[in-house]
Amino acid sequence: MEKTQKMMPQVVGHSPVKITEEKVGTIYRQQYKEGKRIEEYDVETLEYMNTADHKKMKVGFTLANMFEITAAYELAKITEHKTMFKYTTTNKPLKAFLKLFLWFASDKTVVKFVERVKTLAEEENALVK
């Protein structure tokens, strides 16, 4: 939970609902604080790979019965000191009127998230050395 909160400070709760050995199918209940309101939803692991040189995880959840969201994280070792980080997200509106809302949305949130992950990874790497 500590690493999740470093990357996503608005996540205020993260507890297991169903754990699977192979990770795919694992479900966590998350609480996300937006202003004074807290949204609760179940996050399911849809894909998972964890090898020494390649890590990948894709999760999915439905937010407020309005958006179906997926987020995929991929890390691949390039050299001893260089790693490729790829973040892909989808946000599918479940109600017709929300499609127009997303059309005007910006990528600022995603860019800020990737920058925060990069900064945290570089800080953690500096501590290890």
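Which residue in strand 3 does E34 stand opposite? Select E34 and look across: R37 in strand 3 is the partner. Keep in mind that this is a predicted model.

**Stop 1: the hairpin.** Stay here. Strand 2 and strand 3 form a hairpin, with two residues between them. Click G35 in the turn; its phi is positive, about 70°. Now show both strands. They pair in the antiparallel sense over eight bridges.

**Stop 2: the other partner of strand 2.** Select residues 11–18, strand 1, and residues 27–34, strand 2. This pair is also antiparallel, with six bridges. Pick H14 and find Q30, its bridge partner in strand 2.

**Stop 3: salt bridges.** The structure holds five of them. Start with R29 and D42, where the closest N and O atoms are 2.6 Å apart. This pair links distant parts of the chain: R29 sits in strand 2 and D42 in strand 3, 13 residues apart. R29 is partly exposed, at 30% relative accessible area. D42 is partly exposed too, at 33%.

Next, select K56 and E47. Their closest N and O atoms are 3.6 Å apart. Then go to E80 and K77, with a closest N and O distance of 2.6 Å. E80 is exposed, at 63%, while K77 is partly exposed, at 40%. Add D53 to the selection: D53, K77 and E80 are linked in a network of salt bridges.

**Stop 4: the core.** Select the largest nonpolar core, eleven residues in all, among them Y41, F61, L98 and F113. Strand 5 gives the most to this core, with four residues. Finish on A71, a core member. Beyond its close sequence neighbours, A71 is in contact with M57, K58, V59, Y87, T88 and T89.

Conventions. Residues are numbered from 1 along each chain as its sequence is written. This is a predicted model: local features need pLDDT of at least 70, side-chain atom pairs count only at pLDDT 80 or more; totals for chains, interfaces and linings use all residues. Side-chain values use heavy atoms; hydrogens and water are left out. A nonpolar core is a set of buried Ala, Val, Leu, Ile, Met, Phe, Trp, Tyr and Cys residues joined through side-chain atoms within 4.5 Å. Buried means under 20% relative accessible area, exposed over 50%, partly exposed in between (1.4 Å probe, protein chains only). Contact means heavy atoms within 4.5 Å. Two strands pair if DSSP finds at least two bridges between them. A salt bridge is a side-chain nitrogen of Lys or Arg within 4 Å of a carboxyl oxygen of Asp or Glu. Lists of a residue's contacts leave out its neighbours within four places in sequence.
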